[in-house]
Amino acid sequence: TLDHHAPLVQKTISFAAHAPWFDSEYKNQRKLRRKAEKNKNRSLYHKTLFEDIRAETTIMANLKKKQYYSTLLEKNKGNVKAIYNVVNRELDRKQETPIPETQDIGQLAKDFNEYFNEKIINIRKELPPIGNSCVNETV
């Protein structure tokens, strides 16, 4: 049967949000590029046409991005926090929590204390002795 040889498969399609600079003009340019790409193998003329349209599309994308980000940065001029937020968002930097997540905050404090005490002891062991100093090994 058909279901045995070619079973029905469900696929989930997710749509990524368009870039904020992605407008109708750029969308139409991409349509032109795709149309030209389909015909590029027909002749040398069509190949050259596709290459020209592809170059125009790339230039347009770079120009749209530049205009968008220039406007965004100019709008937030003097607001350092907003500018950093824009840069971090565009570079896909996520601020990670430096403290490990835990339910028992008391145990976390003990772990930190133990870690730093061991660090101090190890640092003191590596230091050369200085005369008759009385340094206690425990903190």
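Visitor: Lys77 and Glu74: are both buried or exposed?
Guide: This is a predicted model: local features need pLDDT of at least 70, side-chain atom pairs count only at pLDDT 80 or more, and totals for chains, interfaces and linings use all residues. Residues are numbered from 1 along each chain as its sequence is written; side-chain values use heavy atoms, with hydrogens and water left out. Buried means under 20% relative accessible area, exposed over 50%, and partly exposed in between, with a 1.4 Å probe and protein chains only. On that scale, both Lys77 and Glu74 are exposed.

Visitor: What N to O distance separates the side chains of Lys77 and Glu74?
Guide: The two side chains meet in a salt bridge. That term takes a side-chain nitrogen of Lys or Arg within 4 Å of a carboxyl oxygen of Asp or Glu. For Lys77 and Glu74, the N to O distance is 4.0 Å.

Visitor: How many salt bridges does a search find?
Guide: The search covers the whole structure. The Lys77 and Glu74 pair is a salt bridge, and so is the Lys64 and Asp23 pair. The total found is four.

Visitor: How many helices does the protein have?
Guide: Helices (H or I, at least four residues) and strands (E, at least two) are DSSP runs, numbered from the N terminus. The elements run α-α-α-α-α from that end. Strands number zero, and helices number five.

Visitor: How many residues apart in sequence are the parts that Lys64 and Asp23 tie together?
Guide: The Lys64 and Asp23 side chains form a salt bridge, 2.8 Å from N to O. Lys64 lies in helix H3 (residues 44-75), and Asp23 in the loop between helix H1 (2-5) and helix H2 (24-39), so the parts tied together are apart in sequence by 41 residues.

Visitor: Which residue meets Glu25 in a salt bridge?
Guide: The N to O distance of this pair is 2.6 Å. The pair links distant parts of the chain, from Glu25 in helix H2 to a partner in helix H3, 39 residues apart. Glu25 itself is partly exposed, at 45% relative accessible area. Its salt-bridge partner is Lys64.

Visitor: Is Lys64 buried or exposed?
Guide: Lys64 is found in helix H3. Its salt-bridge partner Asp23 is partly exposed, at 30% relative accessibility. The relative accessible area of Lys64 is 12%, so Lys64 is buried.

Visitor: Which residues does Lys64 touch, not counting those up to four places away in sequence?
Guide: Contact means heavy atoms within 4.5 Å. Two of the residues touched, Asp23 and Glu25, also meet Lys64 in salt bridges. The full list is Trp21, Asp23, Glu25 and Tyr26.

Visitor: At what angle do H2 and H3 pack?
Guide: Axes are lines fitted to C-alpha atoms, for helices over the stretch in contact, and angles run from 0 to 180 degrees between N-to-C directions. The H2 and H3 axes are 9 Å apart. Residues in this packing include Tyr26, Leu32 and Ala36 in H2, which meet residues including Phe50, Ile53 and Met60 in H3. The packing angle is about 155°.

Visitor: How are H2 and H3 oriented to each other?
Guide: Angles under 35 degrees count as roughly parallel, over 145 as roughly antiparallel, 65 to 115 as roughly perpendicular and the rest as oblique. The H2 and H3 angle is about 155°. H2 and H3 are therefore roughly antiparallel.

Visitor: Which residues in H4 meet Tyr69, Leu72 and Leu73 in H3?
Guide: The axes of H3 and helix H4 (residues 80-90) come within 9 Å and cross at roughly 150°. That makes H3 roughly antiparallel to H4. The H4 residues met are Ile83, Val86, Arg89 and Glu90.

Visitor: How far apart in space are Val87 and Tyr69, C-alpha to C-alpha?
Guide: Val87 is found in helix H4. It is partly exposed, at 34% relative accessible area. Val87 and Tyr69 are 18 residues apart in sequence, and their C-alpha to C-alpha distance is 9.7 Å.

Visitor: How far apart in space are Ala19 and Lys65, C-alpha to C-alpha?
Guide: Ala19 is found in the loop between H1 and H2. It is partly exposed, at 26% relative accessibility. Ala19 and Lys65 are 46 residues apart in sequence, and their C-alpha to C-alpha distance is 9.0 Å.

Visitor: What percentage of the residues of the protein count as buried?
Guide: The protein has 139 residues. Lys64 is one that counts as buried. The buried share is 12%.
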